[in-house]
Structures are given as C-alpha cells and as structure tokens.
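Here is my note on the structure you asked me to look over, set out as numbered points. Please read it beside the sequence and the coordinates.

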Amino acid sequence: MSDYGNKAMEQQQDALDERVIEIARVAKVVKGGRRFQFRVTVVIGDGHGKVGMGVGKANAVPDAMRKATERAHKDLRKVFLLGTTIPHEVIGKVAGARILLKPASPGTGVIAAGGVRAVLEAAGVRDILTKSLGSANVLNGVMATFGALDALKSPAIEAARRGKPVESLMPFWERRKHV
C-alpha cells in the first residue's frame with residue numbers, strides 16, 4: 001500500500017472514540033492451582049453510527065488491551081440513527097441480560113450507566129432512555145446493547161415494507177417538525 005493509504009488509515013483510527021469498559025482478572029482452575037489472566041472489554045465508535053466491541057485476554061493488561069482493540073476494529077458495524085436518537089424502541093437479550101433502549105426527545109441526554117452508556121456514546125447516540133431488565137453482568141449487558149442496536153431498522157426501509165409514509169413511523173417530536 002502507498003504511504004498515502006497508511007496515513008489515511010491512521011487518521012481514520014485516530015478519529016475513533018475508544019473506551020475501555022472493563023478490566024477483569026479471570027482464573028482457570030488447573031491441577032496445580034489457578035492460572036490467572038486479564039480480560040479487557042473495549043468499545044470503539046466514530047460518533048456517527050459506527051461502533052464495534054472487542055474482548056481480549058492475556059497474561060498482562062497491555063497485551064489484552066491491544067487484542068481487544070484489534071478485535072473491536074474488525075467488529076465495526078453500522079447503527080441506524082434518527083438524528084441524535086434511535087428510530088424505535090428495542091430490547092436486546094444475551095444470556096440473563098436484557099437491555100431496553102427507548103428513543104428520547106432532543107435535550108434528554110444519554111440516560112444509561114456503565115457499559116451501555118459507553119456503547120451508545122461511541123455510536124453517536126445523544127438522546128436515549130435505557131433500562132437494564134436482567135443481569136447486571138457488564139460483558140453480557142454490553143453484548144445485549146449491541147444486539148439491540150443490530151435489531152434497529154431504518155425508518156425509510158420499514159415504511160416501504162409496510163407501505164406507509166415515513167412520517168407515520170417517526171416519534172411524535174419528529175412528526176411536529178414535518179407538519
């Protein structure tokens with residue numbers, strides 16, 4: 001690849017918002033005792049609807065962070081946004097964790113905690129209401145949030161599928177703007 005191509009890739013990676021969600025010490029029980037490693041969960045996003053998550057395990061934290069960051073870059077995916085919020089209500093489920101994501105009117109902010117907040121802010125969501133309905137496990141909560149974001153549908157595509165105008169699928173605060 002040319003020198004210009006390398007610079008472009010570096011600038012793209014610099015523009016991504018990287019957040020470490022969790023650093024956990026995990027153990028594997030073997031015949032002689034326990035073997036400890038570190039598990040790092042990282043979320044990256046461009047703030048405009050692209051977000052990815054990576055989990056890395058290693059004997060040292062820096063190695064685990066490097067692995068998690070590389071995996072997060074490979075996992076980047078597109079999220080449908082409607083302005084500063086999401087187009088519709090959705091629930092994501094992974095194991096015992098259930099995360100409810102609800103669109104909110106402008107100025108509400110990100111009403112979320114922990115890993116869910118990090119994922120949503122990295123994706124570029126600025127106004128949203130969330131609720132954890134199940135397990136408080138951080139990793140499962142983050143994965144459930146990704147599941148919910150993956151389940152979001154574009155208002156234009158969904159309106160075409162239903163044979164309705166796009167405005168009929170918009171939240172009430174968006175409909176007022178179009179009237």
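**Salt bridges and a strand pairing**

1. The side chains of Asp150 and Arg77 form a salt bridge in which the closest N and O atoms are 2.5 Å apart. This pair links distant parts of the chain, since Asp150 belongs to helix α4 (residues 138-150) and Arg77 to strand β4 (residues 77-78), with the two positions 73 residues apart in numbering. Please keep in mind throughout that this is a predicted model.

2. Are the two partners of that bridge buried or exposed? Neither label fits, because Asp150 has a relative accessibility of 42% and counts as partly exposed, and Arg77, at 24%, also counts as partly exposed.

3. A second salt bridge joins Glu22 to Arg39, and here the closest N and O atoms lie 3.2 Å apart. Again the pair links distant parts of the chain, with Glu22 in strand β1 (residues 17-30) and Arg39 in strand β2 (residues 33-45), 17 residues apart. In this case Glu22 is buried, and Arg39 is buried as well.

4. Asp17 and Arg19 also meet through their side chains in a salt bridge, at 2.8 Å from N to O. Asp17 counts as partly exposed because its relative accessibility is 27%, and Arg19 is likewise partly exposed, at 26%. Both residues belong to a network of salt bridges that links Asp17, Arg19, Arg117 and Glu121.

5. For context, the search of the whole structure finds 9 salt bridges, and the pairs described above are among them. As a general matter, side chains of opposite charge can pair when their charged atoms come close.

6. Turning to the strands, β6 (residues 97-103) is mostly covered, with 5 of its 7 residues buried. Which strands does β6 pair with? One partner is strand β5 (residues 90-94), which pairs with β6 in the antiparallel sense over 5 bridges, and another is strand β8 (residues 128-132), which also runs antiparallel to β6 and is joined to it by 5 bridges.

7. Leu101 is a useful residue to follow by eye when checking these pairings. On the β5 side, Val90 stands opposite Leu101 of β6, while on the β8 side, Leu101 stands opposite Thr130.

8. The connection between β5 and β6 also deserves a look, as the two strands form a hairpin with 2 residues between them. Ala95, which sits in that turn, has a positive phi of about 50°.

Conventions. Residues numbered from 1 in each chain as written. Predicted model: local features only at pLDDT ≥ 70, side-chain atom pairs only at ≥ 80, totals over all residues. Heavy atoms only, no water. Buried < 20%, exposed > 50% of the residue type's maximum accessible area, 1.4 Å probe, protein only. Helix = DSSP H or I, 4+ residues; strand = E, 2+ residues; numbered from the N terminus. Pairing = 2+ DSSP bridges. Salt bridge = Lys/Arg side-chain N within 4 Å of Asp/Glu carboxyl O.
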